[in-house]
Every structure is written in structure tokens, then in C-alpha cells.
Amino acid sequence: MRMAMGMEVLQNQGRKSGKHQKASPEGWPALGRLLPLALIAIILLGIGPARQALAWGRMGHRASTRLAETRLTPKARALIRELLEPGESLADASTWADENSQSIPGSAAWHYVNVPISAASYSPRDCHDNCVVSRFEEFRRILADPHAPKPRRRMALRYVVHLVEDAHQPMHVGDRRDRGGNNLQLQFFGDDYTNLHQVWDSGLLRNGYCNERELVDDLIDLARKPEARDWTRGHIEDWVNESLEAARQAYRIPGSKDLLRSGMRIGREYEDANLPLAVKRLSQAGMRLSEVLNDCLSPEGKRAIPAPHFRKEQQPAPSAAPQASGIR
Ligand SMILES: [Zn+2]
């Protein structure tokens with residue numbers, strides 16, 4: 001929606017430029033017409049292909065982290081408060097790695113792993129020892145080390161939170177030789193200049209939710225369902241394999257076996273087919289993040305919090321578990 005408004009502003013700029021065109025000197029009518037168009041082209045090029053993929057965007061990262069926070073042990077919670085900067089919440093920490101990626105040369109590769117969507121599963125060969133899988137393990141070890149210097153553990157905490165969530169973004173794993181959908185240009189609702197990666201980072205969520213609170217509520221609702229009981233099992237290799245499976249769906253035209261092609265327009269049908277999957281991935285990420293943090297920061301007290309950790313009236317009814325849908 002915000003993107004649609006942005007386009008409106010650009011179109012209005014175009015209309016305003018039209019007025020200037022009439023006022024241009026007699027001898028320069030062509031230049032008068034071309035200048036506003038050239039300016040618009042420069043603006044579009046500037047915010048188009050060069051836009052950096054931010055992974056889940058701010059709303060997705062923060063909401064997933066806030067679900068994780070509801071399941072932390074008191075000890076893990078206290079240690080996190082101690083490790084982070086004064087006034088920095090865990091949700092703030094979740095986007096630190098994206099906000100500071102420019103200042104850490106080479107760190108962009110830590111956020112994803114390119115696995116061809118035709119591959120059966122993730123292989124360590126895809127990682128080259130420098131991807132979301134290996135970096136997550138590295139930062140997790142630092143975070144769990146009580147003897148590591150505090151600034152190092154703080155950095156590790158920010159990365160652990162962020163990378164668990166990035167590993168759950170299907171376009172941070174599945175790839176069609178298009179940089180995880182970054183090169184697959186699409187039109188999504190009113191946004192004529194986006195790509196599949198951005199649709200998954202933020203387009204779907206921005207369209208589906210007015211604010212972070214609404215999304216957090218849905219992530220919590222999902223985490224309460226019986227099917228979520230098994231979500232905390234597995235390791236990062238399993239999570240990226242789920243993302244790979246999800247990416248196969250993300251690349252597909254809804255209701256068809258055909259794959260999306262550059263230049264296509266997608267909208268309601270794509271959102272209906274994929275927004276629930278995006279929400280599920282964020283809920284899974286939040287559940288697993290809480291496990292990882294409890295494990296690193298309070299291994300001996302990990303069992304103190306029942307899973308899922310919600311108010312009594314929110315406990316799922318002891319009915320038969322429904323069939324898990326979507327990804328495996
Ligand atoms: Zn990222």
C-alpha cells in the first residue's frame with residue numbers, strides 16, 4: 001500500500017512537470033518535455049534495481065522476534081537485557097544486521113544461501129562456508145560462550161536473531177539463477193517496480209497487515225495451534241530445506257505448475273496463495289528462535305518454560321492435530 005502511494009507521488013510529480021513544460025522557453029520545447037521524463041527515469045532507476053534486499057523487512061523481523069520473546073526463560077531474558085545496548089530491545093536487535101550490513105564488508109552473503117529450486121535439498125556445497133547456515137552456527141557458538149567478551153556476544157546475539165529469521169525467508173534459500181528472485185521483475189498490486197524477492201521481504205506483509213501488532217497476534221495464534229508443537233524440532237539445515245520447498249511454491253504461478261516470468265503482474269491470487277505461507281514461516285522462525293536463545297543463554301533452565309508459553313485461556317484445545325498444510 002505504501003508503495004502504491006509512492007507511485008502516486010511520482011505520478012503527481014510527472015503531472016506537475018507537465019506544467020513546467022508549457023512554461024519552457026520557445027526554443028527548447030523538446031528539452032522541456034524530456035527533462036521531467038529524464039528526472040522520473042533517474043528516480044525510478046535509483047529506487048528500482050538498486051534497492052537492497054532487506055529480508056522480511058522491518059515488520060517481519062520484529063514481529064517474529066516478539067513471538068520469540070514470549071517464550072524466553074527468565075534467565076535468558078535477563079542475559080539479553082544485559083548484552084544489548086541500553087534502550088535496545090530484542091526486536092530492535094533483529095534488524096541490526098540489515099541496517100549495518102554496509103559497515104561490515106562481505107557480510108551480505110551471511111544472510112542467505114543460494115540453493116537451486118531444482119535441487120532435492122540443501123548441500124554444504126551451496127554454502128561455501130560463508131552463508132546463513134555456517135554463519136548462524138558460528139554466531140550461536142559465540143553467544144553460548146559465557147567467556148566471550150560482551151561486545152562479541154552482543155554482536156552474536158543480533159546476528160543469531162536475524163539469521164534464524166532470514167533462514168526462514170524462502171527467497172533467501174531458493175534460487176533460479178536470479179539472486180533469490182531479485183532479478184525477477186514483477187508488478188505487485190500498485191507497485192510496478194518490484195521483484196519477487198521484495199514481494200517476500202515486505203510486499204506480502206505490507207499488503208496483508210496494517211501494523212506490527214496485527215502480525216504479532218497472528219504469529220502467536222499460529223504458534224498455539226497443535227501443528228506447531230513439532231516446529232521446535234530440527235536444525236538450521238532442516239529450516240533451510242523447508243524454505244527451499246516454500247520457494248518452489250513462491251516461484252510458481254498460483255494454481256499452475258508454471259513458473260513466474262519477469263514482467264508479470266501478480267496480485268490478489270498470489271497473495272491468497274502465499275501470505276499464509278509467509279506468516280507460517282515467521283511463526284516457525286519465532287518459535288525456533290526462542291529455543292535457540294534459551295539453549296544458548298540458559299541451557300540448564302530450558303525446561304522451565306512449557307512450550308508453547310502462553311496464557312492459560314490461550315492454550316490449544318486437546319483436540320486431534322489437523323493435517324499440516326503447505327510446506328513439510
Ligand atoms: Zn538479512
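Start by selecting H9, a helix that is mostly covered, with 15 of its 18 residues buried. You'll find H9 at residues 150-167. Try a quick check with the distance tool: at 1.5 Å a residue, H9 should span 26 Å, and its end C-alpha atoms sit 25 Å apart, so the two agree. Keep in mind as you click around that this is a predicted model.

**Zoom out**

Now show everything. The protein has 328 residues, and 39% of them count as buried. Its secondary structure comes to 13 helices and 5 strands. Which contacts dominate, those between residues at least 24 apart or the others? Of the contacts joining residues at least 6 apart in sequence, 78% link residues at least 24 apart.

Next, colour by pLDDT. The mean for the protein is 82, and 75% of the residues reach 70 or more. Select residues 1-52: the pLDDT there is below 50, and the stretch has 26 contacts in the model beyond near neighbours in sequence. Then select residues 304-328, where pLDDT is also below 50 and the contacts beyond near neighbours number 30. Don't squint too hard at these two parts: where pLDDT is low, the predicted coordinates should not be read in detail.

**Next stop: H3**

Select residues 57-69, which make up helix H3. You can repeat the ruler trick here: the 13 residues should span 18 Å at 1.5 Å a residue, and the end C-alpha atoms are 19 Å apart, which agrees. How many of the residues of H3 are buried? The count is 11 of 13, so H3 is mostly covered. Among the buried ones are Gly57, Met59, His61, Arg62, Arg66 and Leu67.

What do the buried residues of H3 pack against? Turn on the neighbours and you'll see helix H5 (90-94), H9, helix H10 (196-208), helix H11 (212-223) and H13. So H9, where you started, shows up again as a packing partner of H3.

**A helix pair: H12 and H13**

Select residues 236-250 for H12 and 268-297 for H13. These helices pack at an angle of about 170°, with their axes 11 Å apart. Angles over 145 degrees count as roughly antiparallel, and H12 and H13 are therefore roughly antiparallel to each other.

To see where they meet, show side chains for Trp239, Ala246, Gln249 and Ala250 in H12, and for Asn274, Leu277, Arg281 and Arg288 in H13. By class, this contact has 4 nonpolar, 2 polar and 2 charged residues.

**Around Ser243 and Gln169**

Stay on helix H12 and click Ser243. Is Ser243 buried or exposed? It has 28 C-beta neighbours inside 10 Å, so Ser243 counts as buried. Measure from its C-alpha to that of Arg281: the two residues are 38 apart along the chain, and the distance is 8.1 Å. Leaving out residues up to four places away in sequence, Ser243 touches Ala167, His168, Gln169, Pro170, His172, Val173 and Gly174.

Click Gln169 from that list, and you land in the loop between H9 and S2. Gln169 is buried too, with 30 other C-beta atoms within 10 Å. Now jump to Trp239: Gln169 and Trp239 are 70 residues apart in sequence, yet their C-alpha atoms are 9.7 Å apart in space.

**Two unusual backbones**

Most residues other than glycine have a negative phi. Select Arg179 and check its phi: the value is positive, near 55°, and this residue is not a glycine. Arg179 sits in the loop between strand S2 (174-175) and strand S3 (185-188). It has 15 C-beta neighbours inside 10 Å, so Arg179 counts as partly exposed.

Then move along to Phe189, in the loop between S3 and strand S4 (191-195). Phe189 also has a positive phi, about 50°, although it isn't a glycine. With 19 C-beta neighbours inside 10 Å, Phe189 counts as partly exposed; the cut-off for buried is 20 or more.

**Last stop: Cys131**

Finish at Cys131, in the loop between helix H7 (124-127) and helix H8 (132-144). Cys131 has 24 C-beta neighbours inside 10 Å and so counts as buried. Which residues is Cys131 in contact with, leaving aside neighbours within four places in sequence? Light up Ala109, Tyr112 and Val113. For one last distance, measure to Ser107: it is 24 residues from Cys131 along the chain, and their C-alpha atoms are separated by 9.2 Å.

Note on methods. Residues numbered from 1 in each chain as written. Predicted model: local features only at pLDDT ≥ 70, side-chain atom pairs only at ≥ 80, totals over all residues. Helix = DSSP H or I, 4+ residues; strand = E, 2+ residues; numbered from the N terminus. Expected span 1.5 Å × (residues − 1). Buried ≥ 20, exposed ≤ 12 C-beta atoms within 10 Å, placed from the backbone. pLDDT = per-residue confidence, 0-100. Contact = placed C-beta atoms within 7 Å. Axes fitted to C-alpha atoms, helices over the stretch in contact; angles between N-to-C directions. Parallel < 35°, antiparallel > 145°, perpendicular 65-115°, else oblique. Nonpolar A, V, L, I, M, F, W, Y, C, P; charged D, E, K, R; others polar.
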